[in-house]
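Good morning, everyone, and thank you for making time for this. Please have the picture in front of you while I talk, and stop me wherever a term is unclear.

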Amino acid sequence: MKNALVTGGTRGIGRACALALAEDGFAVTAAYAHDDVAVPGVTTRRVDVTDAAAIDALCAEIEFDVVVLAAGSRRDVLLAMMPEADFDDVLRVHLKSAYLILRRALRPMIARRGGRVIAISSASAILGRPGQTHYAAAKAGLHGLVRSLAREVARYGITVNAVAPGLVETEGTQSLDARVREELLAGVPLARAGRPEEVAHAVRWLASDAAAYITGQVISVDGGLT
Amino acid sequence: MELKKLLVDALKLDDVTPEQIEDAAPLFGEGLGLDSIDALELAVAIERRFKVSIPDEEVGKKAFRSIDTLAEYVSTHAK
């Protein structure tokens, strides 16, 4: 049985990805930092993605065939009012975590000559959004990481891609106020928010053999927003 | 000799036999002329074979200086 890791896998888009991969026959480990919520058919485990030692321990224990990077949180604040700690935290959780996880998780993939890496990004990295300079910078940083890493590990049959969702109905986005939501939806040709499962479909496809020839790409699942 | 075989196998050095690799000769640059991709492959191969981790390039640079330094690294870090 193939192993899959989904960070941020107990809630929101990560949870939908964990469920979809479990349905496709993967032994899924859903890592979480705070949200200790059961996910049917999935092993949940507390691993803070900014904690190198915890990540090393996890990757020493399980050799993953698929890694989905979906951990994250939103903390919108205008740049000119942004506490330094917020900037650092958001970059650590969204960008540095990818490095910390992949430097360990890739080695078994290299040895076994195959694997899949899928980073969950955001339409904000493509369009930009006020209040999300740190978040958009981190996600755009992930795009650069994905494109470069794809070229590093293609020789081993490992593919590396990103999925960039637009507005998706999760607990995280339910806190958006009505005006912001309306404004966001006004730019969506399909005129509705996406469901986490719709993002997970792209992820499960990228994780499958069917997507073996796709690497270094950022695939938008955003109802046409970008 | 086990290390030399691993080196030749892991890096698919078709034009080199394990016997031809000198204990003290540099593996990278001059000498065998290995590159950063070879270093990664070698680190992965050693990790799997000997359960000895070469966590990053800083450590790798020292360990991969020659067969001698690599043998010493593996023997001192073996569990």
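Chain B has 4 helices and 0 strands, so that reading from the N terminus its elements simply run α-α-α-α. Please keep in mind throughout that this is a predicted model, and that the values I quote are computed from it.

How does the radius of gyration of chain B fit with a compact globule? For 79 residues such a globule would have a radius of gyration near 12 Å, and because chain B comes out at 11 Å, the two agree. Along its principal axes, the C-alpha trace of chain B spans about 30 × 20 × 20 Å, and 39% of its 79 residues count as buried. If we take the contacts in chain B with a separation of 6 or more, 48% of them are between residues 24 or more positions apart.

Let me turn to the interior of chain A. The largest nonpolar core has 32 residues, and those that touch the most other members are V67(A), I101(A), L102(A), L106(A), I158(A) and V160(A). Two or more residues each come from helix 2, strand 4, helix 3, strand 5, helix 5 and strand 6 of chain A, with helix 3 giving the largest share, 8 residues. As background, nonpolar side chains in soluble globular proteins tend to be buried together.

Which residues does V67(A) touch, leaving aside those up to four places away in sequence? They are L5(A), I101(A), L102(A), A105(A), M109(A), R116(A), V117(A) and I118(A). There is also a second, separate core of 27 residues, and among its members are I13(A), A30(A), A70(A) and V199(A).

Now for the open spaces. The largest pocket holds about 1200 Å³ of space and is lined by 50 residues, with G72(A), S73(A), R74(A), H94(A) and Y135(A) lying nearest its centre. By class, that lining divides into 21 nonpolar, 19 polar and 10 charged residues.

The second largest pocket, with a volume of about 840 Å³, is lined by 27 residues, and the closest to its centre are R107(A) and E152(A) together with S36(B), L40(B) and E57(B). Helix 3 and helix 5 of chain A, as well as helix 2 and helix 3 of chain B, each supply at least two residues of this lining, and the largest share, 7 residues, is from helix 3 of chain A. The lining of this second largest pocket has 16 nonpolar, 3 polar and 8 charged residues.

Finally, how many cavities of 30 Å³ or more does the structure hold? There are 2, and the largest contains about 50 Å³ of space. Its lining includes T7(A), L69(A), H94(A), K139(A) and L142(A), and helix 3 of chain A gives the most to it, with 4 residues. That lining divides into 7 nonpolar, 3 polar and 1 charged.

The second largest cavity has a volume of about 30 Å³, and L5(A), T7(A), V47(A) and I101(A) are among the residues that line it. Strand 1 and helix 2 of chain A each give two or more residues to this lining, which by class has 7 nonpolar, 1 polar and no charged residues.

Conventions:
Residues numbered from 1 in each chain as written. Chains lettered and ligands numbered in written order. Predicted model: local features only at pLDDT ≥ 70, side-chain atom pairs only at ≥ 80, totals over all residues. Heavy atoms only, no water. Core = buried A, V, L, I, M, F, W, Y, C linked by side-chain atoms within 4.5 Å. Buried < 20%, exposed > 50% of the residue type's maximum accessible area, 1.4 Å probe, protein only. Contact = heavy atoms within 4.5 Å. 1 Å grid on protein atoms, 1.4 Å probe; cavity = no way out; pocket = protein on both sides within 12 Å on 5 of 7 lines; lining within 4 Å. Points joined across faces, edges and corners; volume = space filled by probe spheres on them. Nonpolar A, V, L, I, M, F, W, Y, C, P; charged D, E, K, R; others polar. Rg over C-alpha atoms; globule rule 2.2 N^0.38 Å.
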